[in-house]
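Hi everyone, thanks for making time this morning. Please have a look at the sequence and the structure on the screen, and I'll walk you through what I found.

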Amino acid sequence: MTDLSTDRPAEQATAAASGAAATERFRTKGHTGAAGADTARVDTLVSELLAATHDIIRRHKLTYAEYDALKAWLIQVGEDGEWPLFLDVWVEHVVEEVAGENREGSKGTIEGPYYVPGAPSLPAEATLPMRDGEEGTPLLFQGQVTCVDGTPLPGAVIEMWHADNDGYYSQFAPGLPEWNLRGTVVADAQGHFKVRTIEPAPYQIPTDGSCGRLISAAGWHAWRPAHLHLKVSAPGHQLVTTQLYFKGGSHVADDIARAVKPELILDPGPAADGGGREVTYDFVLDKV
Ligand code: DHB
Ligand code: FE
């Protein structure tokens with residue numbers, strides 16, 4: 001997506017393929033729609049959503065042509081399987097804001113559509129699975145996981161996943177090894193971890209599908225800043241789902257998914273040993 005001139009696989013990622021994979025992944029979580037939802041809650045939420053829509057139609061005098069364009073687009077989002085992408089880019093950040101508002105410790109942010117549980121288990125000092133000669137600036141990412149009271153959390157689990165140097169996620173783009181740039185790191189007895197990887201590239205949400213058509217119709221851009229995804233957990237503590245960004249990187253200030261928070265911006269320096277960069281980031285987990 002960022003540089004098609006390099007040695008990318010001939011087959012390119014498409015919105016339909018990554019949408020279908022993201023839909024499939026979401027379904028494996030076992031969500032079954034509204035079954036079992038509280039009737040009064042559904043009534044309130046859906047009534048208010050519809051009232052807000054009606055209000056927008058009246059205020060902006062929506063035309064039949066615009067109504068039909070909307071209908072055609074909504075049908076297409078479903079056919080393309082792009083609902084997980086649409087929701088995680090334009091809606092999830094507010095759901096996360098509400099979900100995390102009473103949690104102490106490290107800030108969280110959106111999970112996005114590309115988390116896959118069960119990545120290979122790795123020791124506290126490890127290198128994420130990657131191809132021979134994986135492109136990208138080497139990054140040493142290290143830190144400690146503690147409780148809000150300052151106690152180190154031995155054996156804390158740091159799940160990491162991120163895009164490659166072309167902005168592609170394994171299992172959601174063709175031609176990448178299954179667990180490329182994905183791992184489950186188990187911290188040491190003091191909660192320390194030290195992970196070698198490469199710096200991901202900024203990520204462009206697929207532009208060839210219905211989300212892409214919305215973006216160009218509205219005159220927006222499709223970019224997320226380069227980011228590491230993390231889920232950090234320890235027994236008796238609340239799991240934090242977060243992302244970390246790189247100071248000075250493109251689109252840190254105008255993320256299409258609005259998931260950047262000031263506390264989540266890394267400022268890596270030159271690595272002490274070997275090439276690349278290194279950064280220390282500590283995680284603080286709230287109690288359950
Ligand atoms: C999307 C992709 C991401 O990598 C992410 O972190 C959030 C959202 C998306 O395409 O919807
Ligand atoms: Fe992402």
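**A walk from the surface inward**

Let's begin on the outside, where Ile 57, Leu 62, Tyr 64, Tyr 67, Leu 70, Leu 74, Trp 83, Leu 87, Val 91 and Val 95 make a nonpolar surface patch of about 890 Å². Two elements give two or more residues to this patch, namely helix H3 (64–80) and helix H4 (83–90). H3 brings the largest share, with 4 residues.

Before I go on, a word on what you are looking at: this is a predicted model, in which local features need pLDDT of at least 70 and side-chain atom pairs count only at pLDDT 80 or more, while totals for chains, interfaces and linings use all residues. Residues are numbered from 1 along each chain as its sequence is written, chains are lettered from A and ligands numbered from 1 in the order in which they are written, and side-chain values use heavy atoms, with hydrogens and water left out.

Some terms, too. Patches are made of residues with over 30% relative accessible area and no salt bridge, with nonpolar side chains (Val, Leu, Ile, Met, Phe, Trp, Tyr) joined within 5 Å and like charges within 9 Å. Accessible areas come from the Shrake-Rupley method with a 1.4 Å probe, and for residues only the protein chains shown count as cover. Helices (H or I, at least four residues) and strands (E, at least two) are DSSP runs, numbered from the N terminus.

One patch member, Val 91, is found in the loop between H4 and helix H5 (92–99). Val 91 counts as partly exposed, at 35% relative accessibility. Here buried means under 20% relative accessible area, exposed over 50%, and partly exposed in between (1.4 Å probe, protein chains only).

Staying with H4, is Asp 88 buried or exposed? Asp 88 is in helix H4 and is buried, with a relative accessible area of 17%. Contact means heavy atoms within 4.5 Å. Beyond its neighbours within four places in sequence, Asp 88 is in contact with Ile 110, Gly 112, Pro 113 and Ala 257.

H3 and H4 have another role in the picture: they are among what covers the buried residues of H6. In helix H6 (residues 210–218), those buried residues are Ser 210, Cys 211, Gly 212 and Ile 215. Just after H6, Gly 219 takes a positive phi of about 75°.

Now let's go inside. Which residues of the largest nonpolar core touch the most other members? Among its 52 residues, they are Phe 141, Val 145, Ile 158, Leu 230 and Phe 283. Such a core is a set of buried Ala, Val, Leu, Ile, Met, Phe, Trp, Tyr and Cys residues joined through side-chain atoms within 4.5 Å. Leaving aside neighbours within four places in sequence, the contacts of Ile 158 include Val 145, Phe 193, Leu 230 and Val 232.

On to backbone angles. Leu 181, in the loop between strand S4 (157–162) and strand S5 (182–186), has a positive phi near 60° although it is not glycine. Leu 181 counts as buried, at 1% relative accessibility. Arg 258 also has a positive phi, near 50°, but counts as exposed at 64% relative accessibility.

Finally, the charged pairs. How many salt bridges does a search of the whole structure find? It finds 10, where a salt bridge is a side-chain nitrogen of Lys or Arg within 4 Å of a carboxyl oxygen of Asp or Glu.

In one of them, the side chains of Arg 131 and Asp 164 meet at 3.2 Å, N to O. That pair links distant parts of the chain, 33 residues apart. Arg 131 is partly exposed at 29% relative accessibility, whereas Asp 164 is buried at 1%.

Another joins Arg 196 and Asp 273, with the closest N and O atoms 3.9 Å apart. Arg 196 lies in strand S6 (residues 192–198) and Asp 273 in the loop between strand S12 (269–270) and strand S13 (277–280), so this pair ties together parts that are 77 residues apart in sequence.

My last pair is Asp 255 and Arg 224, whose closest N and O atoms are 2.7 Å apart. Asp 255 is buried at 7% relative accessible area, and Arg 224 is buried at 4%. Thanks for listening!
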